[in-house]
Amino acid sequence: MTNRQTGDRGTHVADVLDTGCAGERAGNALAIADRTFHLLIAGPCPPAIDGRKVGHGLPARAIDLGELRTRLLDRAASDALKDAAWAELVWLARTGDPAWVVGCVGVALPGLKNIAGRVIRTSPARLADDIVSELLTEFVAQLARIDTGRPRIAARLLLWARKGAFRARGREARHVPCDPEEMPAGPAGCDADAVGVVVEAVRQEIISPAAASLIIATRLDGMSVQDFARERGVPADRLYKRRRAAEARLGAALRDGRVWAVTGDWISDPGL
């Protein structure tokens with residue numbers, strides 16, 4: 001059985017995610033979402049998913065969203081568990097209860113904060129509010145659109161959120177710069193939106209979401225492969241090989257015209 005939070009609290013948390021609540025600046029949107037999520041799970045009847053329904057090692061009982069987030073962040077959590085849990089969360093968010101939308105944001109907050117921090121570090125400070133606002137807006141919008149029948153649901157949601165963050169930054173600098181030696185240019189040349197190229201390649205299943213995250217983090221966000229490997233507890237040489245293989249597939253797709261990126265909303269198909 002799944003608990004559901006409705007009424008005044010549900011309405012309030014939906015308003016908070018509009019990032020204009022109570023006179024707060026949009027740049028505080030993630031902090032507001034974090035506080036609201038903790039209020040949501042601290043109540044007498046916090047939203048919970050049914051561990052028996054989700055399976056994949058979850059206890060056969062109600063799992064509140066705070067505990068669920070902890071379990072999903074555990075390195076021992078399998079991809080099957082993550083996908084089953086996120087499929088349930090997305091389904092609940094689509095029921096129309098705004099508390100579940102906040103719940104989804106709350107469970108994804110570690111990843112959302114990580115993306116926001118990286119994009120903001122490489123952007124003008126005055127764009128920070130817009131970056132965070134677009135990040136959250138895109139994430140929430142994709143809850144209604146994401147294909148939960150495909151694997152890596154959370155990773156794909158976060159890729160879309162990153163798209164929103166770069167879109168906000170791109171209003172001033174229309175294109176994310178790319179090194180022709182590192183990200184082979186398609187018909188539009190190196191001015192193409194590199195993040196758009198990568199995400200489109202994921203949509204077409206040319207590269208995996210994991211490979212896309214690696215490329216974006218280490219080629220566009222300035223993170224070293226060693227740091228990326230350390231965060232995930234995997235050997236760096238394995239990631240170098242994975243990145244080379246993914247970029248080779250991406251380069252081939254760019255050269256033969258299967259993938260390209262244009263400015264603006266470069267992905268028209270919301271089915272990622």
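Start with the whole chain in cartoon view: the protein has 12 helices and two strands. Keep in mind that this is a predicted model. Trace the elements from the N terminus and you'll pass α-α-β-α-β-α-α-α-α-α-α-α-α-α. There are 272 residues to look at, and buried ones make up 49% of them. Now turn on contacts between residues at least 6 apart in sequence: 67% of these join residues at least 24 apart.

Next stop, the inside. Select Ile49, Trp86, Phe139 and Ile207, which touch the most other members of the largest nonpolar core, a set of 65 residues. Colour H6 too, as the largest share of this core, 11 residues, comes from that helix. A separate core of seven residues lies apart from this one, and you can find it by picking Leu214, Met223, Val225 and Phe228, which are among its members.

Go back to phenylalanine 139 and show what surrounds it. Which residues is phenylalanine 139 in contact with, leaving aside neighbours within four places in sequence? You should see Trp86, Cys104, Val105, Ala108, Leu112, Leu157 and Ala161.

One of those is a cysteine, so click on Cys104. Cysteine 104 is buried, with a relative accessible area of 0%. Then jump to cysteine 45, which is partly exposed at 37%. Don't spend time hunting for disulfides: a search of the whole structure finds zero.

Now for the largest pocket, which holds about 1,300 Å³ of space. Its lining has 35 residues, and to land by the centre, select Leu73, Lys82, Arg152, Leu158 and Arg232, the closest ones. Colour the lining by type and you'll get 20 nonpolar, three polar and 12 charged residues. Several helices each supply at least two lining residues: H4 (65-73), H5 (79-93), H6 (98-121), H8 (153-170), H10 (209-220), H11 (225-232) and H12 (236-255).

Stay on Arg152 for a moment. Where is arginine 152 placed? It sits in the loop between helix H7 (128-143) and H8. Check its backbone: phi is near 60 degrees, a positive value in a residue other than glycine. That's worth a look because most residues other than glycine have a negative phi. Arginine 152 counts as partly exposed, at 31% relative accessibility.

Last stop: histidine 56, in the loop between helix H3 (51-54) and strand S2 (62-64). Histidine 56 also has a positive phi, about 55 degrees, although it is not a glycine. Is this residue buried or partly exposed? Histidine 56 is partly exposed, with a relative accessible area of 48%.

Technical notes:
Residues numbered from 1 in each chain as written. Predicted model: local features only at pLDDT ≥ 70, side-chain atom pairs only at ≥ 80, totals over all residues. Heavy atoms only, no water. 1 Å grid on protein atoms, 1.4 Å probe; cavity = no way out; pocket = protein on both sides within 12 Å on 5 of 7 lines; lining within 4 Å. Points joined across faces, edges and corners; volume = space filled by probe spheres on them. Helix = DSSP H or I, 4+ residues; strand = E, 2+ residues; numbered from the N terminus. Nonpolar A, V, L, I, M, F, W, Y, C, P; charged D, E, K, R; others polar. Disulfide = S-S within 2.5 Å. Buried < 20%, exposed > 50% of the residue type's maximum accessible area, 1.4 Å probe, protein only. Core = buried A, V, L, I, M, F, W, Y, C linked by side-chain atoms within 4.5 Å. Contact = heavy atoms within 4.5 Å.
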